[in-house]
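Trainee: Could you take me through one part of this model slowly, and then show me how that part fits in with the rest? I'm new to this, so plain words are welcome.

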Amino acid sequence: MQIDYKNKNIKMSCTDASYAKKKYGNEIAEKIQLRIDQIMAIDSVEQMIKFKIGRCHPLQGDRKNQFAVDLIHPYRLVFEKKSKEIQVVTIVEITDYH
C-alpha cells in the first residue's frame, strides 16, 4: 500500500528513526518502523485485518472509518483508508486513545 501522512510531525515520526526515538523512545520507535514496513508490504487494509497484522482493527464511534495497529501498549498507530480503488492510507496519529 501507499502511505500518506496527516502532517509533517507524523511523517517525521514514521520516517525518521532518530526523531521517533527522541519523541517516543527506542521500543516504540522500532515498532513504528515495523508497522510502516508491514503497511507498505501488504496489498490492502482488509488483508491486514484478515491476517491480524499488528492486531489491525477498525475503530468505532467518533473514530469511525479509522483503523489502528498496536505499537507498545497502550500506544496505537491510527490510519484512514484514503482511496478504495488504489490502496492508500493516511497515517493520522500515534496515540493512546483509550
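Mentor: Let's look at the hairpin that E3 and E4 form, with 5 residues between them. Keep in mind as we go that this is a predicted model. The two strands of the hairpin run antiparallel, and 5 bridges join E3 to E4. One of the residues to find here is Phe 67, whose bridge partner in E4 is Phe 79.

Now look at the side chains of those two. By the rule used for aromatic rings, there is 1 aromatic pair to count. The ring centres of Phe 67 and Phe 79 are 5.8 Å apart and the planes are at 20 degrees, so the pair is stacked. In sequence, the two are 12 residues apart, with Phe 67 in strand E3 (residues 66–70) and Phe 79 in strand E4 (residues 76–83), so this pair links distant parts of the chain. Are these two residues buried or exposed? Phe 67 is buried, and Phe 79 is buried too.

Next, step outwards from the hairpin, one strand at a time. On the E3 side you reach E2, which runs antiparallel to E3 and is joined to it by 2 bridges. Phe 67 turns up again here, as the bridge partner in E3 of Pro 58. On the other side of the hairpin, E4 and E5 also run antiparallel, with 7 bridges joining them. Phe 79 has a bridge partner there as well, namely Ile 91 in E5. Carry on past E5 and you meet E1, which runs parallel to E5 and is joined to it by 4 bridges. Ile 91 shows up once more, this time as the partner in E5 of Tyr 5.

Put those steps together and you have an open sheet of 5 strands, in the order E1-E5-E4-E3-E2, with mixed pairing. E1 and strand E2 (57–58) are at the edges with a single partner strand each, so one side of each has no neighbour in the sheet. As for E5, 7 of its 8 residues are buried, so you can call that strand mostly covered.

What is packed around the hairpin? Leu 77 is a good place to look. Leaving out residues up to four places away in sequence, Leu 77 touches residues including Cys 14, Arg 35, Ile 36, Ile 39, Phe 67, Val 69 and Ile 91. Leu 77 and Phe 79 also come up in the largest nonpolar core, which has 23 residues: along with Cys 14, Ile 39, Met 48 and Ile 91, they touch the most other members. Which elements give two or more residues to this core? They are strand E1 (2–5), helix H1 (8–15), H3, H4, E3, E4 and strand E5 (88–95). H3 gives the most, with 4 residues.

Cys 14 is worth a short detour. Cys 14 has a relative accessibility of 2%, so it counts as buried. Cys 56 is buried as well, at 7% relative accessibility. You may wonder why these two aren't bonded. A disulfide is a covalent bond between the sulfur atoms of two cysteines. The closest cysteine sulfur to that of Cys 14 is in Cys 56, 14 Å away, which is too far for a bond. The structure holds 0 disulfides.

One more spot, this time in a loop. Ser 44 sits between helix H3 (26–41) and helix H4 (45–50). With a relative accessible area of 12%, Ser 44 is buried. Leaving aside neighbours within four places in sequence, Ser 44 is in contact with Met 1 and Gln 87.

Finally, zoom out to the whole chain. The secondary structure comes to 4 helices and 5 strands, and from the N terminus on the order is β-α-α-α-α-β-β-β-β. Buried residues make up 43% of the 98 residues. Of the contacts with a separation of 6 or more, 41% come from residues 24 or more positions apart. Along its principal axes, the C-alpha trace spans about 35 × 25 × 25 Å. The radius of gyration is 12 Å, which agrees with the value near 13 Å for a compact globule with 98 residues.

Conventions
Residues are numbered from 1 along each chain as its sequence is written. This is a predicted model: local features need pLDDT of at least 70, side-chain atom pairs count only at pLDDT 80 or more; totals for chains, interfaces and linings use all residues. Side-chain values use heavy atoms; hydrogens and water are left out. Buried means under 20% relative accessible area, exposed over 50%, partly exposed in between (1.4 Å probe, protein chains only). Contact means heavy atoms within 4.5 Å. Rings of Phe, Tyr and Trp (its six-membered ring) pair if their centres lie within 6.5 Å; planes under 30 degrees apart count as stacked, over 60 as edge-to-face and the rest as tilted. A nonpolar core is a set of buried Ala, Val, Leu, Ile, Met, Phe, Trp, Tyr and Cys residues joined through side-chain atoms within 4.5 Å. Two strands pair if DSSP finds at least two bridges between them. A disulfide is a pair of cysteine sulfur atoms within 2.5 Å. The radius of gyration is taken over C-alpha atoms; the globule rule is 2.2 Å times the number of residues to the power 0.38.
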